[in-house]
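Q: Could you walk me through this one with me asking as we go? I'd like to begin with charged side chains and then move on to the fold.

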Amino acid sequence: MRATLALKIYSADLDKLEELSAKLKTVVGGVPGVADLSAEANKGKPQMVIKVDRQAAARYGLNADDILAVVQAGIGGEAVSTLIDGTRRFDIAVRLPEEFRSVRRRSRRSDPNRRRCDRAFLQRGEGRA
C-alpha cells in the first residue's frame with residue numbers, strides 16, 4: 001500500500017475485515033481535506049480444501065497425514081532426485097497429470113470387497129492472501 005497516510009486492519013475473519021474496511025472508508029471519507037480515498041480489497045487466494053474421512057481411511061490402514069502428503073505431492077509436485085549436469089543441478093520433480101490435478105469431485109477408491117468408500121472430499125475455498 002503506497003499512500004501518505006494508510007490504515008491497515010488485520011483479522012482472521014475475512015468477512016469481518018471487509019465490513020470494517022467499508023465502515024472505516026465511510027468515516028475517513030467524512031474528514032475535511034481527505035482526497036483520493038480508496039480501500040484495497042484483502043481478498044483471499046483460491047485454494048482447494050481437502051477433508052479426509054479419517055474413519056474410512058483407517059479401515060485401510062491409512063492416516064490423514066499420509067493421504068494429504070500424497071495429494072500435496074501429486075498436485076504441487078515434489079522433488080524426488082537431482083540431475084547433475086557439470087556444475088549445474090536440476091531438481092527432478094513428479095506430479096500427477098493435469099486431468100488428475102484439477103479434480104473437483106469426491107475421490108473414491110474400491111476396497112477388496114468391491115464396495116466404494118469416500119476417502120476425501122475436495123472443494124474449492126478461499127484462504128488468506
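A: In this predicted model, the side chains of R88 and D85 meet in a salt bridge, with 3.1 Å from N to O.

Q: Are those two partners buried or exposed?

A: Neither label fits fully: R88 has a relative accessible area of 48% and is therefore partly exposed, and D85, with a relative accessible area of 39%, is partly exposed as well.

Q: How many salt bridges does the structure hold?

A: The structure holds three salt bridges. Apart from the R88 and D85 pair, there is one between the side chains of E19 and K16, at 3.7 Å from N to O, and one between the side chains of K23 and E19, at 3.4 Å from N to O.

Q: Which residues end up in one network, then?

A: Salt bridges with shared partners join K16, E19 and K23 into one network.

Q: Where do they sit, and how far apart in sequence?

A: E19 and K16 both lie in helix α1, which covers residues 14-29, and they are three residues apart, about one turn of the helix. K23 and E19 also both lie in helix α1, here four residues apart, which is again about one turn of the helix.

Q: Why do E19, K16 and K23 count as partly exposed?

A: Partly exposed covers the range between under 20% and over 50% relative accessible area. E19 has 37% relative accessibility, so it counts as partly exposed; K16 does so too because its value is 37%, and K23, at 48%, likewise counts as partly exposed.

Q: Okay, new topic. What does the secondary structure of the chain come to?

A: The protein chain has four helices and five strands, and from the N terminus on the elements run α-β-α-α-β-β-α-β-β.

Q: And what share of the residues counts as buried?

A: Of the 129 residues of the protein chain, 14% count as buried. The chain exposes about 10,700 Å², of which carbon and sulfur atoms supply 50%.

Q: What about contacts between residues far apart in sequence?

A: Among the contacts in the protein chain with a separation of 6 or more, 45% are accounted for by residues 24 or more positions apart.

Q: Let's look at β2 and β3. How do they run, and how many bridges join them?

A: The two strands run antiparallel, and seven bridges join β2 to β3. They form a hairpin with two residues between them, and G86 in the turn has a positive phi of about 70°.

Q: What stands opposite V94 there?

A: E78 stands opposite V94, which belongs to β3. V94 can also be related to G76, since the two are 18 residues apart in sequence and 8.8 Å apart in space, taken from C-alpha to C-alpha.

Q: Where is G76 placed, and is it buried or exposed?

A: G76 is in helix α3, which spans residues 64-76, and with a relative accessible area of 55% it is exposed, because exposed means over 50%.

Q: Back to the hairpin strands: which residues form the nonpolar patch on the surface?

A: The patch is formed by V80, L83, F90, I92 and V94, which together have about 420 Å² of accessible area. The elements that give two or more residues to the nonpolar patch are β2 (78-85) and β3 (88-94).

Q: Which element gives the most to it?

A: That is β3, which gives three residues to the nonpolar patch.

Q: How does F90 fit in, buried or exposed?

A: F90 is found in strand β3, and as its relative accessibility is 38%, F90 falls in between and counts as partly exposed.

Q: One more thing on backbone angles. Which residue other than glycine has a positive phi?

A: D36 is one, with a phi near 55°. D36 is found in the loop between α1 and β1, the latter covering 45-52.

Q: Is D36 buried or exposed?

A: D36 counts as exposed, because its relative accessibility is 79% and the cut-off for exposed is over 50%.

Note on methods. Residues numbered from 1 in each chain as written. Predicted model: local features only at pLDDT ≥ 70, side-chain atom pairs only at ≥ 80, totals over all residues. Heavy atoms only, no water. Buried < 20%, exposed > 50% of the residue type's maximum accessible area, 1.4 Å probe, protein only. Patch = residues over 30% accessible without salt bridge, like charges linked within 9 Å, V, L, I, M, F, W, Y side chains within 5 Å. Areas by Shrake-Rupley, 256 points an atom, 1.4 Å probe, with all protein chains shown as cover. Salt bridge = Lys/Arg side-chain N within 4 Å of Asp/Glu carboxyl O. Contact = heavy atoms within 4.5 Å. Pairing = 2+ DSSP bridges.
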